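Here is a short report for someone meeting this structure for the first time. Look at the sequence and the model, then read on.

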Amino acid sequence: MKTREILFRGLKADGSNEWVYGSLLQSEIAGNGYCKCEIHERFADGCSIKTHEVIPETVGQFTGLTDNNGTRIFEGDKVRCSYFKMAVGENLGV
């Protein structure tokens, strides 16, 4: 049985316009109801973790799919599709 990798990404909240990848931690800050999102980035040694605060609206989970170049596709990504095997209006069997 193949398992899907659980991975999130988000834009750093420090204004650097940099994506970070890892595990998602979402917590509510008391008083104002603001949700704080953090990505826990795990390094190759398996022990080192760095936490980054990210902009909540930019967080997306890895879909398990990749494009033709092997780039991971995350929720919210815009992709161009140039070929459809299914005809418009075809019964999807749903």
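L25 is partly exposed, with a relative accessible area of 39%. That value is neither under 20%, the limit for buried, nor over 50%, the limit for exposed, so L25 falls in between. L25 belongs to strand β2. Its C-alpha lies 7.4 Å from that of H40, and the two residues are 15 positions apart in sequence.

The model is a predicted one. Its confidence deserves a look before other details. The mean pLDDT of the protein chain is 77. A score of at least 70 is reached by 71% of the residues. Confidence also varies along the chain. Strand β3, residues 35–42, has the lowest mean, at 72. Strand β6, residues 72–74, has the highest, at 92.

**Overall build**

Which kinds of element make up the chain? The protein chain has six strands and zero helices. Read from the N terminus, the order is β-β-β-β-β-β. The chain has 94 residues, and 19% of them count as buried. The accessible surface of the chain is about 7600 Å². Carbon and sulfur atoms hold 51% of that surface. Among contacts with a separation of 6 or more, 33% join residues 24 or more positions apart.

**Two buried residues**

R9 sits in strand β1, which covers residues 8–11. Is R9 buried or exposed? R9 has a relative accessible area of 11%, so it counts as buried. Leaving out residues up to four places away in sequence, R9 touches W19, V20, Y21, I39, T58, V59, G60, F74 and D77.

H52 is part of strand β4, residues 49–54. Its relative accessible area is 8%. The cut-off for buried is under 20%, and therefore H52 is buried. Neighbours within four places aside, H52 is in contact with K12, V20, C37, E38, I39 and E41. V20 and I39 appear in the contacts of R9 and in those of H52.

**The loop between β1 and β2**

Strand β2 spans residues 19–28, and A13 lies in the loop between β1 and β2. A13 counts as partly exposed, because its relative accessibility is 42%. What does A13 touch beyond its sequence neighbours? It touches E53, V54 and I55, with residues up to four places away not counted. A13 also pairs with P56 in a distance check. The two are 43 residues apart in sequence, yet their C-alpha atoms are 8.9 Å apart in space.

N17 is placed in the loop between β1 and β2 too. N17 is exposed, with a relative accessible area of 64%. Its backbone has a marked feature: phi is near 60°, a positive value in a residue other than glycine.

The table sets these residues side by side.

| Residue | Place | Relative accessible area |
|---|---|---|
| R9 | strand β1 | 11%, buried |
| A13 | loop between β1 and β2 | 42%, partly exposed |
| N17 | loop between β1 and β2 | 64%, exposed |
| L25 | strand β2 | 39%, partly exposed |
| H52 | strand β4 | 8%, buried |

**The largest pocket**

Empty space is found by rolling a probe the size of a water molecule over the atoms. How much volume does the largest pocket have? Its volume is about 180 Å³. The residues that line the largest pocket are D67, N68, I73, V79, R80, C81 and S82. By type, this lining divides into three nonpolar, two polar and two charged residues. One of the lining residues, I73, falls within strand β6, residues 72–74.

Methods: Residues numbered from 1 in each chain as written. Predicted model: local features only at pLDDT ≥ 70, side-chain atom pairs only at ≥ 80, totals over all residues. Heavy atoms only, no water. Helix = DSSP H or I, 4+ residues; strand = E, 2+ residues; numbered from the N terminus. Buried < 20%, exposed > 50% of the residue type's maximum accessible area, 1.4 Å probe, protein only. Contact = heavy atoms within 4.5 Å. Areas by Shrake-Rupley, 256 points an atom, 1.4 Å probe, with all protein chains shown as cover. 1 Å grid on protein atoms, 1.4 Å probe; cavity = no way out; pocket = protein on both sides within 12 Å on 5 of 7 lines; lining within 4 Å. Points joined across faces, edges and corners; volume = space filled by probe spheres on them. Nonpolar A, V, L, I, M, F, W, Y, C, P; charged D, E, K, R; others polar. pLDDT = per-residue confidence, 0-100.
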